Amino acid sequence: MTGKHDQIAGSLIQDILSGQYRVSERLPSERDLATQLGVGRPAVREALRELKAQGLLNSGRGPQGTTVASLPTPHLA
């Protein structure tokens with residue numbers, strides 16, 4: 001069974017890939033994401049932690065906040 005944070009992470013990945021959040025763009029705060037998605041902040045926090053570990057997000061404090069990392073360019077054989 002998939003956890004709530006996995007569903008949130010998947011939703012954020014889709015938003016990034018679709019261009020809703022662009023490279024270097026700041027994501028909404030944990031509180032705002034939780035409100036938008038109708039979930040608790042701990043689930044959002046865990047999802048963001050997972051995406052940072054995968055290299056999809058950059059972590060920052062203060063006004064910079066969490067931003068979308070540069071996405072790798074696919075290599076075609």
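**Exercise 1. The nonpolar core**

How many residues does the largest nonpolar core have, and which of them have the most contacts inside it?

*Solution.* The model examined here is a predicted one. Step one is to take the size of the core: the largest nonpolar core has 17 residues. Step two is to pick out the residues with the most contacts inside this core, which are Ile8, Leu12, Tyr21, Val44, Leu48 and Leu57. Step three is to ask where the core residues come from: H1, H2 and H3 are the elements that give two or more residues to this core, and H3 gives the most, with five residues. As general background, nonpolar side chains in soluble globular proteins tend to be buried together.

**Exercise 2. The chain as a whole**

Describe the order of the secondary structure elements in the protein chain, and state what share of its residues is buried.

*Solution.* Begin with the inventory, which comes to three helices and two strands. Reading from the N terminus on, these elements run α-α-α-β-β. Turning to burial, 29% of the 77 residues in the protein chain are buried. A last step looks at contacts between residues at least 6 apart in sequence, of which 53% join residues at least 24 apart. A pair that is distant in sequence can be taken as a further case: Gly3, which is placed in the segment before H1, and Ala47 are 44 residues apart in sequence, and their C-alpha atoms are 9.8 Å apart in space. Gly3 counts as partly exposed, because its relative accessibility is 24%, and partly exposed residues lie between the cut-offs of 20% and 50%.

**Exercise 3. Helix H3 and its two faces**

Check whether the length of helix H3 agrees with the expected span, and then work out how its buried and exposed residues are arranged.

*Solution.* Helix H3 covers residues 41-53, and its 13 residues, at 1.5 Å a residue, should span 18 Å. The C-alpha atoms at its ends are 18 Å apart, so the expectation and the model agree. The next step is to list the buried residues of H3, namely Ala43, Val44, Ala47, Leu48 and Leu51. These residues cover an arc of only 135° around the axis, and they therefore lie on the same side of H3. On the face turned away from this buried side, H3 carries the exposed residues Pro42 and Ala53. Among the elements that cover the buried residues of H3 are H1, helix H2 (30-37) and strand S1 (57-58). After the helix comes Gly55, whose phi is positive, near 85°.

**Exercise 4. The salt bridges**

Find how many salt bridges the model has, and explain which of them link one helix to another.

*Solution.* The count comes to three salt bridges. In general terms, side chains of opposite charge can pair when their charged atoms come close. Take Arg41 and Glu30 to begin with: their side chains meet in a salt bridge with an N to O distance of 3.6 Å. Since Arg41 lies in helix H3 and Glu30 in helix H2, this pair ties together parts that are 11 residues apart in sequence. Continue with Arg45, which forms a salt bridge with Glu30, the closest N and O atoms being 3.2 Å apart. This pair, too, links distant parts of the chain, with Arg45 in helix H3 and Glu30 in helix H2, 15 residues apart. Joining these steps, Glu30, Arg41 and Arg45 are linked in a network of salt bridges. The remaining pair to consider is Glu46 with Arg49, where the closest N and O atoms are 2.6 Å apart. Glu46 and Arg49 are three residues apart in helix H3, so about one helical turn separates them.

The exposure of these residues can be checked as well. Glu30 is partly exposed, with a relative accessible area of 21%, and Arg41 is partly exposed at 35%. Arg45, at 33%, counts as partly exposed, as do Glu46 at 29% and Arg49 at 47%.

**Exercise 5. A buried charge**

Locate Asp15, decide whether it is paired in a salt bridge, and name its contacts.

*Solution.* Asp15 is placed in helix H1, which covers residues 4-17. Asp15 is buried and yet has no salt bridge, for the nearest side chain of opposite charge, that of Arg22, is 13 Å away. With neighbours within four places in sequence left aside, Asp15 is in contact with Gln20 and Tyr21. Tyr21, approached from its own side, touches residues including Leu12, Asp15, Leu33 and Val68, not counting residues up to four places away in sequence.

Definitions and conventions. Residues numbered from 1 in each chain as written. Predicted model: local features only at pLDDT ≥ 70, side-chain atom pairs only at ≥ 80, totals over all residues. Heavy atoms only, no water. Helix = DSSP H or I, 4+ residues; strand = E, 2+ residues; numbered from the N terminus. Buried < 20%, exposed > 50% of the residue type's maximum accessible area, 1.4 Å probe, protein only. Lys, Arg positive; Asp, Glu negative; His and termini not counted. Salt bridge = Lys/Arg side-chain N within 4 Å of Asp/Glu carboxyl O. Contact = heavy atoms within 4.5 Å. Expected span 1.5 Å × (residues − 1). Arc of directions from axis to C-beta. Core = buried A, V, L, I, M, F, W, Y, C linked by side-chain atoms within 4.5 Å.
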